[in-house]
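Reader: Hi! Could you walk me through this one? I'd like to start with the strands and then move inside.

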Amino acid sequence: QVQLVESGGGLVQAGGSLRLSCAASGSIFSMRTMGWYRQAPGKEREVVAVINIGGSTYYADSVKGRFTISRDNAKNTLYLQMNSLKPEDTAMYYCAAGRVTVVVATGVEYWGQGTQVTVSS
């Protein structure tokens, strides 16, 4: 079992920054990939960024150049640095973990409970 707990969400003005954290516990050593998803009201959950244990990353086109994903394996913590935030980034952000890949939702084996990010215009 793996437990994921997100933190760092909040209300920020457009152009501002936030850093999300995801603390992982349990059998995290088996989770080869971790990532962030988001879901806005009335929309499907979508992948935002993914990182594997080797450090390779994937970003959705909508966040490239603005968001940076990183992980601290020693602390079992995943981060998402979000800069130049836009109102359209407003969503619930979820941490995800999987043994193979989490670029697609079918590969996600564990989800966090989510943290709300709201960007005002």
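**Strands and core**

Author: Happy to, and keep in mind that this is a predicted model. Strands S3 and S8 are joined by 6 bridges and pair in the antiparallel sense. Along that pair, Leu 18 sits opposite Met 82 of S8.

Reader: Nice. What is the strand order in the open sheet of 4 strands?

Author: The order is S1-S3-S8-S7, and the pairing is antiparallel. S1 and S7 are at the edges with a single partner strand each, so one side of each has no neighbour in the sheet.

Reader: And how many degrees does the twist average from one strand to the next?

Author: The twist averages 15° between one strand and the next.

Reader: Let's pick a residue. Is Ala 24 buried or exposed?

Author: Ala 24, which lies in strand S3, counts as buried because its relative accessibility is 10%, under the 20% limit.

Reader: Which residues does Ala 24 touch, leaving aside its neighbours within four places in sequence?

Author: Gln 3, Leu 4, Met 34 and Asn 76. Leu 4 is 20 residues away along the chain, yet its C-alpha atom is 4.7 Å from that of Ala 24.

Reader: Switching to the interior: which residues have the most contacts inside the largest nonpolar core?

Author: Met 34, Trp 36, Leu 80, Met 82 and Tyr 93, in a core of 30 residues. Among the strands that each supply at least two residues of this core are S1, S3, S7 and S8.

Reader: What about a second core?

Author: There is a separate one of 7 residues, including Tyr 37, Val 47, Tyr 94 and Ala 96. Tyr 93, from the largest core, is in contact with Tyr 37.

Conventions
Residues numbered from 1 in each chain as written. Predicted model: local features only at pLDDT ≥ 70, side-chain atom pairs only at ≥ 80, totals over all residues. Heavy atoms only, no water. Core = buried A, V, L, I, M, F, W, Y, C linked by side-chain atoms within 4.5 Å. Buried < 20%, exposed > 50% of the residue type's maximum accessible area, 1.4 Å probe, protein only. Contact = heavy atoms within 4.5 Å. Pairing = 2+ DSSP bridges. Axes fitted to C-alpha atoms, helices over the stretch in contact; angles between N-to-C directions.
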